[in-house]
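User: I would like a close look at a single part of this model, followed from one residue outwards into its surroundings. Please take your time and keep the argument connected.

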There are 2 protein chains.
Amino acid sequence: MTVSDLSNRDCLPCKGEGETLADAGARMAGLHPNWRLDGTRILRRFTFKGFARAVQMANLAAWLGDKLGHHPDVGFGWGWCEVAFTSHELGGLTENDFIAAARLDAIVD
Amino acid sequence: MTVSDLSNRDCLPCKGEGETLADAGARMAGLHPNWRLDGTRILRRFTFKGFARAVQMANLAAWLGDKLGHHPDVGFGWGWCEVAFTSHELGGLTENDFIAAARLDAIVD
């Protein structure tokens with residue numbers, strides 16, 4: 001499945017997702033290279049000059065997560081914003097996380 | 001100095017702040033009890049039902065930090081938001097961090 005395939009898809013209800021992925025590492029190749037595995041999450045760090053764009057990125061990620069019904073964990077400060085996806089209910093990564101990440105990439109890149 | 005004193009003050013330019021505080025632990029007593037020392041930062045965790053209010057709190061903290069010229073590190077996700085202040089330029093806590101925290105308390109509580 002390519003990035004463009006994922007970025008056209010909606011997240012499934014978490015209860016319906018079934019199980020966590022065994023091939024999360026391989027799936028990273030489908031995302032922007034700034035995504036990395038961070039424990040049971042996938043995380044992308046953005047860097048900016050100043051504060052305002054970091055806040056804007058945090059809100060963009062929040063908006064997307066709300067739209068998808070799959071909410072990120074977001075951190076931001078002066079010059080940076082980090083967006084992380086995981087499937088909290090299942091304690092690991094599901095296809096939903098990769099869909100949400102690909103959707104963010106499709107907006108940002 | 002009381003909380004209300006601090007919450008009426010503006011942050012000083014970081015370069016002018018001079019040095020980090022030796023009595024940071026004692027100063028915690030002047031803040032809302034949910035503030036805690038977290039390494040070289042002070043951090044307050046807020047919990048909410050759902051996502052929207054967490055996003056709103058993140059933006060409130062961002063707005064305050066921009067107003068004060070003393071920017072927080074903020075994290076948020078479903079049901080939670082954490083706001084942290086530190087004086088990055090000095091590698092520790094200064095009075096600015098306690099002023100900013102007291103100002104946030106004055107808005108929120």
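Which residue in strand 4 of chain A does R45(A) stand opposite?

Analyst: The model is a predicted one, and what follows should be read with that in mind. In strand 4 of chain A, the residue that stands opposite R45(A) is E82(A). The strands concerned, strand 2 and strand 4 of chain A, run antiparallel and are joined by 6 bridges. E82(A) also has a bridge partner in another strand, for it is paired with G75(A), and the strands behind that pairing are strand 3 of chain A, residues 73-77, and strand 4 of chain A, residues 80-85, which are antiparallel over 5 bridges.

Going the other way from R45(A), strand 2 of chain A is joined to strand 1 of chain A by 4 bridges, again with the strands running antiparallel. One of the pairings here sets D38(A) against R41(A) of strand 2. Strands 1 and 2 of chain A make a hairpin with 2 residues between them, and G39(A), in the turn, has a positive phi of about 65 degrees.

These pairings belong to an open sheet of 8 strands with antiparallel pairing, whose order is 1(A)-2(A)-4(A)-3(A)-3(B)-4(B)-2(B)-1(B). Strand 1 of chain A and strand 1 of chain B, each spanning residues 35-38, stand at the edges with a single partner strand apiece, so one side of each has no neighbour in the sheet. On average, and with direction ignored, neighbouring strands of this sheet are turned by 20 degrees against each other.

Helices lie against these strands. Helix 5 of chain A, residues 95-108, lies across strands 1, 2 and 4 of chain A and runs at about 15 degrees to strand 2 of chain A. Helix 4 of chain B, residues 52-68, packs on the sheet as well, where it touches strand 3 of chain A along with strands 2, 3 and 4 of chain B, and its direction makes about 170 degrees with that of strand 3 of chain B.

The contact between the chains can also be put in numbers, since 15 residues of chain B are in contact with 15 residues of chain A. Chain B and chain A bury about 1100 Å² between them, with 66% of it on carbon and sulfur atoms. Of the area that chain B buries against chain A, 42% is supplied by F51(B), H71(B) and F76(B), more than by any other three residues.

F76(B) appears again in the lining of the largest cavity, together with V55(A), A58(A), N59(A), F76(A), V55(B), A58(B) and N59(B). This cavity has a volume of about 30 Å³, and its lining has 6 nonpolar and 2 polar residues but no charged ones. Helix 4 of chain A and helix 4 of chain B each supply at least two of the lining residues.

The largest pocket, by contrast, leads back to the strands where we began. It holds about 230 Å³ of space, and of the 18 residues that line it, the closest to its centre are V74(A), G75(A), V74(B), G75(B) and W80(B); G75(A) is the bridge partner of E82(A) named above. Strands 2, 3 and 4 of chain A and strands 2, 3 and 4 of chain B are the elements that give two or more residues to this lining, which divides into 10 nonpolar, 2 polar and 6 charged residues.

Definitions and conventions:
Residues are numbered from 1 along each chain as its sequence is written. Chains are lettered from A and ligands numbered from 1 in the order in which they are written. This is a predicted model: local features need pLDDT of at least 70, side-chain atom pairs count only at pLDDT 80 or more; totals for chains, interfaces and linings use all residues. Side-chain values use heavy atoms; hydrogens and water are left out. Two strands pair if DSSP finds at least two bridges between them. Axes are lines fitted to C-alpha atoms, for helices over the stretch in contact, and angles run from 0 to 180 degrees between N-to-C directions. Contact means heavy atoms within 4.5 Å. On a 1 Å grid over the protein atoms alone, a cavity is a set of points where a 1.4 Å probe fits but cannot get out, and a pocket is an open set with protein on both sides within 12 Å along at least five of seven lines; lining residues have an atom within 4 Å of a point. Grid points are joined across faces, edges and corners, and a volume is the space filled by probe spheres set on the points. Ala, Val, Leu, Ile, Met, Phe, Trp, Tyr, Cys and Pro count as nonpolar, Asp, Glu, Lys and Arg as charged, and the others, Gly among them, as polar. Buried area is the accessible area (1.4 Å probe) that two parts lose on being put together, summed over both.
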